[in-house]
Structures are given as C-alpha cells and as structure tokens.
Amino acid sequence: MEQAEFLEKNIFTDLKNLNNGLDKESLHYFSESDFEIVLQRVEHFGIGVYQIESRLDKISNAVAKHEEFKKKATDPRWYKRAFLTSKKRQPGLSYSATYKVSNKLLAR
C-alpha cells in the first residue's frame, strides 16, 4: 500500500478536504475540528508529522516543524502543542501537514 492510499483510507476518511485546487492535489487541508481528528488518528497509528501549515483565507499563516520543538516527528507532544498554539492565536484556520507512514504500517 502506498502512503497516500493509507492516509486516505485510515486518516482522512469521512473528513472534508478544503483544498480546492490551489495547491498540489496531494495536499489535504482541513478545518480546525477535522484537523483535530486527523491528529488523533495520526497519534493512534504512530505516524510521523514533520510540519503543520495553517492557512487563513487560502494564504499561509504559519508553519511549525518538529525540529523547532526538538521532538521526533512521531512524538505527539510537538504537534499537539503546535496545533493548540495556532488555534489559540487565530481561530478559524485551515490546516495541512506533512506525514510519514512507516513501512511497517504500509505492509499491513
């Protein structure tokens, strides 16, 4: 199974992708509430999150990377903190992330 297929099937299912063609088709943008579900699912599977981008009205607002938090990409503490900080700073943003699904998960 490919990473994109795994994410679609296990992480993004039943969530609304807000990417309306302005970005690469492979990028998924989610509302604040949907992205919270994405992060819960990512944590459940132990998927790495390398960066989170927040957007306001289709314009990039901020980018947070796991290196800035001095945490591994699979450590949920960094992405939960980054999401909470962004959410408090500016409500109503849309979010996307860069993920890494392990080969072990893809082989299932």
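These legends describe close-up views of a predicted model of a single chain.

**Figure 1. The whole chain, with four helices and four strands.**
Along the sequence, helices and strands follow the pattern α-β-α-β-β-α-β-α. The C-alpha trace spans about 40 × 35 × 20 Å along its principal axes. A compact globule of 108 residues would have a radius of gyration near 13 Å, and the chain agrees with this because its own value is 13 Å. Of the 108 residues, 36% count as buried. The accessible surface comes to about 6700 Å², and carbon and sulfur atoms hold 49% of that area. Among contacts with a separation of 6 or more, 65% are between residues 24 or more positions apart.

**Figure 2. The open sheet of four strands.**
The strands are arranged in the order E1-E4-E2-E3, and their pairing is antiparallel. Strand E1 (30-31) and strand E3 (59-65) are the edge strands, each pairing on one side only. Strands of a sheet are held to each other through backbone hydrogen bonds, in a parallel or an antiparallel sense. Helix H3, residues 76-89, lies across E2, E3 and E4 and runs at about 10 degrees to E2.

**Figure 3. The pairing of strands E2 and E4.**
Seven bridges join strand E2 (residues 48-56) to strand E4 (residues 94-100) in the antiparallel sense. Two facing pairs can be picked out in this view. Val49 stands opposite Tyr99 in E4, and Gln51 stands opposite Thr98 in E4. In a regular strand the side chains point alternately to one face of the sheet and the other.

**Figure 4. The hairpin of E2 and E3.**
E2 and E3 run antiparallel and are joined by six bridges. Ser54 stands opposite Ala62 in E3. Two residues lie between the strands of this hairpin, where Asp57 takes a positive phi near 50 degrees.

**Figure 5. The largest nonpolar core, with 25 residues.**
The members that touch the most other members are Phe35, Val38, Val42, Ile47, Val49, Ile52 and Tyr99. Two or more residues of this core come from each of helix H1 (3-11), helix H2 (32-45), E2, H3, E4 and helix H4 (103-106). For Tyr99, contacts beyond four places in sequence include Gln3, Leu7 and Phe12. Tyr99 is also in contact with Phe35, Val38 and Val42, and with Ile47, Gly48, Val49 and Tyr50.

**Figure 6. Phe35 in helix H2.**
Phe35 has 0% relative accessibility and therefore counts as buried. Neighbours within four places in sequence left aside, Phe35 is in contact with Phe30, Ile52, Phe83, Tyr95, Ser96, Ala97 and Tyr99. One of these partners, Phe83, is 48 residues away from Phe35 in sequence, yet the two C-alpha atoms are 8.9 Å apart in space.

**Figure 7. Ser96 in strand E4.**
Ser96 counts as buried because its relative accessibility is 3%. Beyond residues up to four places away in sequence, Ser96 touches His28, Tyr29, Phe35, Gln51, Ile52 and Glu53. Phe35, the residue of the previous view, is thus seen here from the side of its partner Ser96.

**Figure 8. Ser86 in helix H3.**
With a relative accessible area of 11%, Ser86 is buried. Apart from neighbours within four places in sequence, Ser86 is in contact with Ser54, Leu93 and Tyr95. Ser54 also appears in the hairpin view, where Ser54 stands opposite Ala62 in E3.

**Figure 9. Asp14 in the loop between H1 and E1.**
Asp14 has a phi near 65 degrees, a positive value in a residue other than glycine. For most residues other than glycine, phi is negative. Asp14 is exposed, with a relative accessible area of 75%.

**Figure 10. Lys70 in the loop between E3 and H3.**
Lys70 is not a glycine, but its phi is positive, at about 55 degrees. A relative accessible area of 73% makes Lys70 exposed, since the cut-off for exposed is over 50%.

Conventions:
Residues are numbered from 1 along each chain as its sequence is written. This is a predicted model: local features need pLDDT of at least 70, side-chain atom pairs count only at pLDDT 80 or more; totals for chains, interfaces and linings use all residues. Side-chain values use heavy atoms; hydrogens and water are left out. Two strands pair if DSSP finds at least two bridges between them. Contact means heavy atoms within 4.5 Å. Axes are lines fitted to C-alpha atoms, for helices over the stretch in contact, and angles run from 0 to 180 degrees between N-to-C directions. Buried means under 20% relative accessible area, exposed over 50%, partly exposed in between (1.4 Å probe, protein chains only). A nonpolar core is a set of buried Ala, Val, Leu, Ile, Met, Phe, Trp, Tyr and Cys residues joined through side-chain atoms within 4.5 Å. The radius of gyration is taken over C-alpha atoms; the globule rule is 2.2 Å times the number of residues to the power 0.38. Accessible areas come from the Shrake-Rupley method with a 1.4 Å probe; for residues, only the protein chains shown count as cover.
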